[in-house]
Amino acid sequence: MTNHWVDIKNADCIMIIGSNAAENHPMSFRWIEEARKPVANGGRNAKLIVIDPRISRSANQADMYGRIRSGTDIAFIGGLINWALTHNMYNADYAKNYSNLAYVLNGFDAAINPGPNYNNFTGEFPGYNSATHKYDGAGTSAWTYAIGASGPTVDNTLANTETVFNVLKKFYARYTSDLVSRITGMDKTLFEQIAQEYCSTYADGKSGLIMYAMGTTQHTYGTQNIRAYSILQTLLGNIGVAGGGIAAMRGESNVQGSTDMGLLFGNLPGYLDIPNSTMATLGIQTTTSTQKLTGTLTAGTASGRVISGLTGVDATQVRSGDKIQNTTLGGTANTYTIEAVINATTVRITANMGTAWTLGDGYAITSESGINHLTGSTSFLGQTVAKGVAGTADILNTARFSNNWKQHEVKYMMSLLAAWWGSSNSFILGGANGDFCYDFLPKINSAVNYSYMSVFKQIETLAATPSVPQLMMCWGMNPAVGGPDVIHGRKMLANLTTLVCVDLWETETAAFWKEDPANPGYSYAASGSQDATLTPTAIQTTVYLLPAKASMEKEGSVSNSGRWVQWRYGAEDGGVMVQKGTAKSDLDIANDLMLQLKTNYAAATTIAGGLGIKEMSWGPNTPNNYGIQFSEADPKAVMKEINGYTLLYPANIGGTAAKGNQLSSFISDLKFDGTTACGSWIHCGCWVQTDVTTPTGTYQGNRAAKRISVDNSATGIGLYSDFSWCWPVNRRIIYNRASMKPVAVDGYVPFQTDKWVMKYDYVTSTWFAGSDVVDGGANTKPDAYMPFIMKPEGVARLFGLNSTKHVDGPLPEHYEPAETPLATHPFGASHVMWNPIVMHMDAGPVLWAQYNFVPGTVANYPYVGTTYRLVEHWQAGAMTRNLPWLVELQPEMFVEMSYELAALLAVNNGDHVKVTTARNPNNPVLAVALVTKRIKPFTIMGNTVHQIGMPWHFGYRGLAQGTSANRLTPNIGDANTRIPEYKAFLCKVEKV
């Protein structure tokens, strides 16, 4: 979430798509209603647009409601992008200065499909390899910038056909109002009204917000859905401003916090990359003056921030953060930091050189970035820390820089290793070999995917080797209800040797081996049809259920969608901490397990034998001091380690020389030399050494515990900077440097004068009081750095460059869901139907056979199905289906359908129906028919398409029991995240 919950009130137009915020995130609607108030009453008179297949509770409140067939978000957003470009409703000042709109590409226009509007584009971008089903071919070179003498080529006139601007216009010209209507089923006139309303936020002084949730992500192109949102918001100038941004509506109270802490398989805490097996060494060096290159300035000139005419710069050895010194003149005054390597003879530096250098002067480049460039090809840091790309001038021709924040990842990785193994001699002596316990970190196989569906496939594969024990821990997770194709998933659970469930109740996963009361006679561990070999007595898995505390019983921090880290205290009754039975907190359980593992591996001498566990800094005698086994661990100690502290006794570490002192900021305090420990760099500053505005005593310095309800903004936009703490560095709106535009007379001024986020005083050279924490360095002028600091070029990417991190194409393209009611793609028979990176045809008509996905056809399963949440129930239902008052409100599973479909099926409201797909032809979902006007048939490409909807909360345990909707959903997912495609599939509905 780029902004935060309170900031919603500053929006002039709010679009909810892929979300039912009124029902699932009701607090967000408080701020939506604030924005919708008349200006005279302190509001913005904002308009609410809701895009959804059905009239949800959010849609019922909307000013404009657009019906859309599930799975067609990109077609809809593509139409909005086309509308903005063709009607000149994009913010040119913003897009030229803060995106790659004017950057020239390396032949993409010529490669994709010469001619008008890419009408013959097949859906496979340049570089697609049909053998590997990846974008790994030579054609991906077209996904890069054309590089000139000073870095990426930029054409601010936008005349070059290879500019991102012209590529965008031609690409999205195909997304006409007519075609968008035919693909999505939305009325054409209504679409154009919505496009006009939302795109009007491009104007200076206005802002628009997009709010999304799982309805966006749970598709085979979910990542590209969000990419489409970001393209639209960047074109309109809606990133970094008050009332703008993209709001990810998290489905749990601490989902943001869990992803921040690296619970996704590809991340370490703070979104650091997880090492893979090719990264043999860390690649750190502690010597701060290792000479890499010497030579003479032989040609060109040295002026401003560019040094050209070097005798050769080895890009594998020179990176951002290295130093270049004029050896002819000597002295520290002639030493500069390299910001970017432009080419083999040119670098860009972070200070103005003036006329300090002349031709013939000598130079030396030394490494002070901490990266051992000589092992770059096989080291972690050598492969993950991006080299900087030279910045571009703004439209006033003022030189700017990219902060290229990835260059600092070396400090964050070193500090993380120090937090985990800082008390180990292997770390203390790490300077000798450069590893600093990096060897202890597990390395993933870069050829293996470790996401949810892949894990269950691995269980199935390993089942063929019964001698290999298989243990799974489900920690507050209920895959027997929440996973795709749960019939197959339950069968996979039967292959486990041991299953440990940590939860408040006996969930369906903990009881997967029991019979479903609604369908006695066979176990739902069976797949496809009743399988007598998988009766409860035949399942040999040992299941442990560990009782866990509820959230209100636990002390610790949670991070909301707006990145606000908030400290919570455990519930008390008369001043006594509530403790029911033998339930333990998640932290206590993790602490007990880890300390037992350390005991088990106390004699380890090798990494394979568990040396990394033995040496880990965990226990009562280590700096973090979590606690002792079978006692309550200390969440405050964990939070302090997450923040970071001084590990050794340096002469001066950010002003705090004492060992164990809490650090204040990752910007100034974290080091790459092993002297600082930090569990998550983005959280550095959440628990500092002293802070008089936070509670005293035990919690002094805990900024997450701050509760000062005062809006410290100058314009009343609701920053509330002293209420809790927000990563990074308490910045409430990220990319906020983009909220200011260059103006010839006045320098940089806010786009929005009445609700500015940042404002600069050129007289005093300071930011005005009431500004947010500036993105990219507080002691800098507005034109010093470009706002998108996590990108090497410093600008937002309307066009996605070739990247190992993003496997999809460079632009979001409409593909059909894995199961579609259409016979051919809406763009024509020559266009591929599905996202080619996600799915491909194996032997016969089987898509992604290795994940047990056999698609249903419209001939057998004629209707589109989708799943959604209810306000009365939560997630897989374990918590809410065990509460009588919520069960009374929503007692049983239902299927929502239109009057037209009900008439076709001869079904009346309240009748019982069964729903099947290719996954469960013999194990139907049994439900009550809810016949309603909230769902209507769609007209798609000239044909009538019926859609149904079902809640996904029900299962066969608890007070309210019902058939899980995820018997229906396919075992296939997004190309990047692998999140399953729950939101669009084909099904059959029959009256019971």
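Does Phe436 count as buried or exposed, and at what relative accessibility? The model is predicted, and the views below start with this residue.

**View 1. Phe436 lies in the loop between helix H15 and helix H16.** At 3% relative accessibility, Phe436 counts as buried. Buried here stands for a relative accessible area under 20%. The phi of Phe436 is positive, at about 50 degrees, although the residue is not a glycine. Most residues other than glycine have a negative phi. The flanking helices span residues 430-433 for H15 and 452-462 for H16.

**View 2. The loop between strand E28 and strand E29 holds Pro728 and Asn730.** Strand E28 covers residues 725-726, and strand E29 covers 740-743. The peptide bond from Trp727 to Pro728 is cis. Its omega is near -5 degrees. Most peptide bonds are trans. Asn730 has a positive phi of about 65 degrees, yet Asn730 is not a glycine. With 12% relative accessibility, Asn730 counts as buried.

**View 3. Helix H2 has its buried residues on the same side.** The helix runs over residues 26-36. Ser28, Phe29, Trp31, Ile32, Ala35 and Arg36 are buried in H2. They share one side of the helix because they cover an arc of only 165 degrees around the axis. What do the buried residues of H2 pack against? Their partners are strand E1 (13-17), helix H1 (21-24), strand E2 (47-52) and strand E8 (208-212).

**View 4. Strand E17 is covered on both faces.** This strand spans residues 346-349. In a regular strand the side chains alternate between the two faces of the sheet. Thr346 and Arg348 sit on one side of E17. Val347 and Ile349 sit on the other. These four residues are all buried.

**View 5. Strand E17 pairs with strand E14 and with strand E16.** Strand E14 (residues 306-308) meets E17 in the antiparallel sense, over 3 bridges. Ser308 has Thr346 of E17 as its bridge partner. Strand E16 (residues 335-343) also runs antiparallel to E17, and 4 bridges join the two. Here Ala340 stands opposite Arg348 of E17. How many residues does the hairpin from E16 to E17 pass through? The hairpin joins the two strands through 2 residues.

**View 6. Domain 1 and domain 2 come from the domain assignment of the protein chain.** Domain 1 takes in residues 286-408. Domain 2 takes in residues 863-991. The centres of the two domains, taken over C-alpha atoms, are separated by 59 Å.

**View 7. The protein chain as a whole sets the close-ups in context.** The chain contains 23 helices and 40 strands. Its C-alpha atoms fill a box of roughly 90 × 70 × 60 Å along the principal axes. The radius of gyration is 29 Å, which agrees with the value near 30 Å for a compact globule with 992 residues. Of these 992 residues, 60% count as buried. Among contacts with a separation of 6 or more, 70% involve residues 24 or more positions apart. The accessible surface comes to about 36,500 Å². Carbon and sulfur atoms account for 54% of that surface.

Methods:
Residues are numbered from 1 along each chain as its sequence is written. This is a predicted model: local features need pLDDT of at least 70, side-chain atom pairs count only at pLDDT 80 or more; totals for chains, interfaces and linings use all residues. Side-chain values use heavy atoms; hydrogens and water are left out. Buried means under 20% relative accessible area, exposed over 50%, partly exposed in between (1.4 Å probe, protein chains only). The arc is that of the directions from the helix axis to the C-beta atoms. Contact means heavy atoms within 4.5 Å. Domain bounds come from an automatic or database domain assignment. Two strands pair if DSSP finds at least two bridges between them. The radius of gyration is taken over C-alpha atoms; the globule rule is 2.2 Å times the number of residues to the power 0.38. Accessible areas come from the Shrake-Rupley method with a 1.4 Å probe; for residues, only the protein chains shown count as cover.
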